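Me: I would like to go through this structure step by step, with short questions and reasoned answers. Where should we start?

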Amino acid sequence: MNVLILQCGGPTPVVNASLAAAIAACQTHRAVGQIWGARLGLQGLVQGDWVELTGLPATALERLSRQPGAALGSGRYRLREEELPAAFAHLAKRRIGVLLLLGGNGTMAAAHRLERHGVASGYKVDGQPLRVVGIPKTVDNDLAGTEVAPGYGSAARFIAQTVRDISLDLYAMRNFDDVAVLEVMGRHAGWLAAAAALARSHPDDAPHLILVPERPLDEEAFLTAVAAVHRRHGICLVVAAEGLRDSAGQFLAEKFQKAEVDASGQRMLGLAAGVAPYLAHLVRSRLGLLCRQQRPDTIQRSCRALAHETDRQLAVLVGRAGVEAALAGVSGHMVGLRHTPGGWETAPVPFAQVVGQERLLPASFLAADTYDLAPPFYDYTNTIGLSVEREYVAF
C-alpha cells in the first residue's frame with residue numbers, strides 16, 4: 001500500500017523528527033510501496049500538491065530529524081465538506097492506503113473527518129479501507145489522550161531559559177528598569193507559561209508572577225502583587241500567556257485592538273496588540289513604574305539551539321509508532337504517549353477521545369493563593385525530563 005504524510009498547524013523544533021521517523025519506518029516495511037508527502041498540509045491534500053519521499057536517503061533523513069520548522073510545509077487550512085470528494089480522488093489516484101497526519105487539536109479533528117468520510121464513501125485500495133492515524137505535535141501541550149505532546153519540551157525549555165536570561169538582565173538594570181512582561185504562546189492552556197517557573201534557582205528568583213489562561217486575571221489584584229514584588233526586590237518579572245482573559249472573560253490581547261481571525265476560525269492573538277503591551281501599559285499608567293514588554297513570538301516554537309533531546313526522542317517514537325499502528329490495521333486513532341516505570345510507551349487513542357477536548361493545566365498544578373505553580377507541576381516536568389541551566393553568580 002502507498003502512504004501519504006501531512007504536517008499541519010504551527011511547526012515545532014522536533015516535528016521533522018516525527019516526519020523522518022515515519023518515512024524511515026515506511027521504508028523498512030515490505031507492505032509499503034510509495035511514500036508521499038502533501039505540501040502545506042491539508043491544502044496540499046486537497047490540491048494534490050504532493051512530493052514523493054520513497055527514496056529519501058538516510059543522510060537526508062538524519063538532517064531532517066534535527067531541522068526545525070515543518071519541512072513539508074504546514075498551515076491552518078480549514079478542510080471544507082465539499083472538498084472531501086476531491087481530496088479522496090487524489091488519494092485514489094495514487095492508491096493511498098495509509099494517511100498519517102502530524103499535528104495538534106485542529107489536525108486531529110480533520111483526521112477524524114477524513115477517516116469517517118473514507119468509511120462513509122466506501123473508499124478502499126485492494127479491498128482495504130483507508131487507515132488514518134494521527135501523530136501528536138503541539139508546543140501548547142493541550143492534546144487530550146497523551147501525557148505530553150512532542151514539541152512542548154523544546155518550547156518549554158526555550159521559555160525557561162529565556163526567562164532566566166531576561167531576569168538576570170532585569171536585575172542588572174534594577175536601578176533603571178522596574179518591571180518586564182514576557183508574553184508567551186498559549187491560547188487556552190498555560191503549559192508554556194508554567195514552564196517559566198523552571199528558570200528559578202532560589203524561591204525568590206524570577207519569574208515573580210506567572211499568569212495562565214486557566215485563571216482569569218483580576219487586574220487590581222495583579223497590580224497589588226506587582227507593587228509588592230517591586231517593593232521587595234526592586235524589580236518584577238511577569239510571564240503571561242497570550243490567551244489570558246480578565247474577570248469578565250475578555251482576552252487582554254484584544255483590549256487595545258481586536259484580533260483578526262485565521263483560516264481555521266481562531267483569533268490570531270499573536271498579531272493583535274497583545275497581552276504584554278496591555279499589561280505594560282497598566283503597570284506604567286497605574287503604578288508609575290517603567291515596564292518593558294517582551295514577545296518572542298514564533299521563535300519559541302522554532303529555536304533549534306534550545307531543542308530538548310528527550311522531546312526529540314519522543315517525536316521519533318510517535319512517528320515510528322504511527323506507521324506501525326497503521327500497518328497493523330489501526331485507523332481512527334492518534335498515537336498517545338504514556339510514561340511508565342520502564343520509560344515512555346505509545347498507545348492508540350480513538351479520535352473521539354481527542355477531538356473537542358483540551359488538556360488544560362490541572363488545578364492541582366496551580367498554587368492556591370499566588371501567581372505561581374504547585375509541587376505537582378514540578379513532578380510532571382521531572383517526568384518529562386525538563387531542565388535548564390539555572391546556576392548563577394550574584395554579588
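Reply: The model is a predicted one. A pair of helices is a good place to start: the axes of helix H1 (residues 15-27) and helix H3 (residues 58-65) come within 7 Å and cross at roughly 155°.

Me: Are H1 and H3 roughly parallel or roughly antiparallel?

Reply: The axes of H1 and H3 cross at roughly 155°. Angles over 145 degrees count as roughly antiparallel, and those under 35 degrees as roughly parallel. Therefore H1 is, relative to H3, roughly antiparallel.

Me: Which residues in H3 does H1 meet?

Reply: On the H1 side, the contact is made by Asn16, Ala17, Leu19, Ala20, Ile23, Ala24 and Gln27. The residues of this contact, both helices taken together, divide into seven nonpolar, three polar and no charged. The partners in H3 are Leu61, Leu64 and Ser65.

Me: Next, the open sheet of four strands. Which are its edge strands?

Reply: The strands stand in the order S9-S10-S8-S11, and the pairing is parallel. An edge strand pairs on one side only, and this holds for strand S9 (209-211) and strand S11 (291-294). Neighbouring strands of the sheet are turned by 15° against each other on average, direction ignored. The edge strands are thus S9 and S11.

Me: Which residue in S11 stands opposite Ala180?

Reply: Strand S8 (residues 179-184) pairs with S11 in the parallel sense, over four bridges. Opposite Ala180, the residue in S11 is Arg292.

Me: Which strands does helix H9 touch?

Reply: Helix H9 (residues 275-287) packs on the sheet, and its direction makes about 175° with that of S11. Helix H8 (residues 219-233) lies across S8, S9 and strand S10 (236-241), running at about 155° to S9. For H9, the strands touched are S8, S9, S10 and S11.

Me: Now the inside. How much space lies in the largest cavity?

Reply: The structure holds one cavity of 30 Å³ or more. The space in the largest cavity is about 40 Å³.

Me: Which helix gives the most to the lining of the largest cavity?

Reply: The lining consists of Val148, Gly153, His308, Thr310, Asp311, Leu314 and Ile384. By type, these lining residues divide into three nonpolar, three polar and one charged. One helix, spanning residues 309-327, gives three residues to the lining. That helix is H10.

Technical notes:
Residues numbered from 1 in each chain as written. Predicted model: local features only at pLDDT ≥ 70, side-chain atom pairs only at ≥ 80, totals over all residues. Heavy atoms only, no water. 1 Å grid on protein atoms, 1.4 Å probe; cavity = no way out; pocket = protein on both sides within 12 Å on 5 of 7 lines; lining within 4 Å. Points joined across faces, edges and corners; volume = space filled by probe spheres on them. Helix = DSSP H or I, 4+ residues; strand = E, 2+ residues; numbered from the N terminus. Nonpolar A, V, L, I, M, F, W, Y, C, P; charged D, E, K, R; others polar. Pairing = 2+ DSSP bridges. Axes fitted to C-alpha atoms, helices over the stretch in contact; angles between N-to-C directions. Contact = heavy atoms within 4.5 Å. Parallel < 35°, antiparallel > 145°, perpendicular 65-115°, else oblique.
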